[in-house]
Number of protein chains: 2
Amino acid sequence: MKTRDRILFASLRLFNEQSERSVTTNHIAADLGMSPGNLYYHFRNKEAIIYELFLRYEQRTRDFLQVDTTASLTWEDILAYFRSIAGNIWEYRFLHRDMEQLLNNDAALLQRYRTFAQEVIRSGRQIMTVMTRQGLIAASDAELDALIINIWVITTSWAPFLHSTAVFGELDTDLSQEMIQRGIHQVMYLLKPYLRGDAVQALQSLPPLYA
Amino acid sequence: MKTRDRILFASLRLFNEQSERSVTTNHIAADLGMSPGNLYYHFRNKEAIIYELFLRYEQRTRDFLQVDTTASLTWEDILAYFRSIAGNIWEYRFLHRDMEQLLNNDAALLQRYRTFAQEVIRSGRQIMTVMTRQGLIAASDAELDALIINIWVITTSWAPFLHSTAVFGELDTDLSQEMIQRGIHQVMYLLKPYLRGDAVQALQSLPPLYA
């Protein structure tokens, strides 16, 4: 593995386990048995590492959301989306835990994130139009407009919600898969009233999303 | 007005208009034509002001959510709840804008907020049980459990969502009533699939919530 990738890999693990806030570039260098100078040769500061990790997260999300709007979608395809998105959130969970703070600290990241968010919401809305056409869901345009925004807000606000309220118990530094699973459960309940046909059955037998 | 109340009143206005982050105790003292020393006599630091403002916000929310679970609720009562809650959020909007950061900076506030959040979610769930009994909504226990959590997350995450995504346009330092109105709209769409009887009509003719 290239040094640059090794730094990114270790940073992601440390940020997820200990939260971005409490991990410095010195911690990352020490974890890799590397001098801070060597780390700075590849990334000028922690913000540069976070920015690069965000780009990778963004690229993976974009890949998942490529959808052929003329294709025939099944409920299995929809579940596959959810599985991919849940897995991606799990892998980059520190981003969701500390997003507000990260965006406040880096104007370039904020700009990039806004473009990303708008694109994902548009893609999600398109997928819903296809689902409606296929008879998987039944909802008006106004309902779908509200639904896609609610799905985005629940998904991206879930980690801060768990931390700020402790409604499902105090949160350790790291998030558990069970905690993210509960978030998926909440999103499924947003969709549930609009599901039709096979989709209703599929939701009821929804297996854990980490396969 | 007592000096202590004047300080709280001015702080709330400045935090709302300019965000909590960019307002110092010196700004607050200057706004009141008061020496910083006089301000410190009443509040030892900005955190103490924020904590006191939170207590007032909390008390008002608690008053709204007192509900006689044996009473007969109409859809008009439900709308009155929403109006009160929206008005309260509007008045203390800086809290919702910067909550994550405020909670990270003050362990006592985090503890207080958690107790408050758990209480509000319990009360909201109770109100829904009453609404179900009255035939205003039709939903299973599992649906109501998911619904109350989704309502809480959308309500409290709305301001950070507007800021981080700019989906509804770039946010000024202050939030507009229109922006909060859109959040209420999103919450109404969470409820909509479960509404029965008069409630469906009432939602469609929903007036702006700032009367």
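**Note on a predicted two-chain helical model**

1. Of the contacts in chain A with a separation of 6 or more, 71% are accounted for by residues 24 or more positions apart. The model is a predicted one, and the remarks below should be read with that in mind.

2. Chain A contains 10 helices and 0 strands, and its elements, taken from the N terminus on, accordingly read α-α-α-α-α-α-α-α-α-α. The C-alpha trace of chain A spans about 60 × 40 × 30 Å along its principal axes. The radius of gyration of chain A is 19 Å, which agrees with the value near 17 Å that a compact globule of 211 residues would have. Of the 211 residues in chain A, 29% are buried.

3. Helix α6 of chain A, residues 93-105, deserves a separate look. This helix has 13 residues and reaches 18 Å from its first C-alpha to its last, close to the 18 Å expected at 1.5 Å a residue. Yet α6(A) is also assigned a bend of about 75° at M99(A), and M99(A) is itself among the buried residues of the helix. The others buried in α6(A) are R93(A), F94(A), L95(A), R97(A), D98(A), E100(A) and L102(A), a list in which R93(A), R97(A), D98(A) and E100(A) are of the charged kind.

4. How are the two chains related? A rotation of 180° with 0.0 Å of shift along its axis superposes chain B on chain A, with an RMSD of 0.0 Å, and that is the relation of a two-fold axis. The same surface serves both copies, since 100% of the contact residues of chain B recur in chain A.

5. Where the chains meet, 26 residues of chain B are in contact with 26 residues of chain A. On the side of chain B that touches chain A, the elements giving two or more residues are α6 (93-105), α7 (107-133), α8 (141-165) and α9 (177-191) of chain B. Which of these gives the most? The answer is α8(B), with 11 residues. By kind, the residues on this side of chain B divide into 16 nonpolar, 7 polar and 3 charged.

6. Two residues call for a check of their backbone angles. Most residues other than glycine have a negative phi. S19(A), however, has a positive phi of about 75° although it is not a glycine; its place is in the loop between α1 (3-18) and α2 (25-31) of chain A. In chain B, A166(B) likewise is not a glycine and has a positive phi, here of about 55°, and A166(B) is found in the loop between α8 and α9 of chain B.

7. Are these two loop residues buried or exposed? S19(A) has 17 other C-beta atoms within 10 Å and is therefore partly exposed, being short of the 20 that a buried residue needs and above the 12 at which a residue would count as exposed. A166(B), with 17 C-beta neighbours inside 10 Å, counts as partly exposed as well.

8. A last point concerns I85(B), which is found in helix α5 (residues 75-91) of chain B. I85(B) is buried because 20 other C-beta atoms lie within 10 Å, and 20 is the number at which a residue begins to count as buried. I85(B) and F64(B) are 21 residues apart in sequence, while their C-alpha atoms are 7.4 Å apart in space.

Methods. Residues numbered from 1 in each chain as written. Chains lettered and ligands numbered in written order. Predicted model: local features only at pLDDT ≥ 70, side-chain atom pairs only at ≥ 80, totals over all residues. Contact = placed C-beta atoms within 7 Å. Helix = DSSP H or I, 4+ residues; strand = E, 2+ residues; numbered from the N terminus. Least-squares fit on C-alpha atoms with pLDDT ≥ 70 in both. Expected span 1.5 Å × (residues − 1). Bend = angle between axes of the 7 residues up to and from the residue. Rg over C-alpha atoms; globule rule 2.2 N^0.38 Å.
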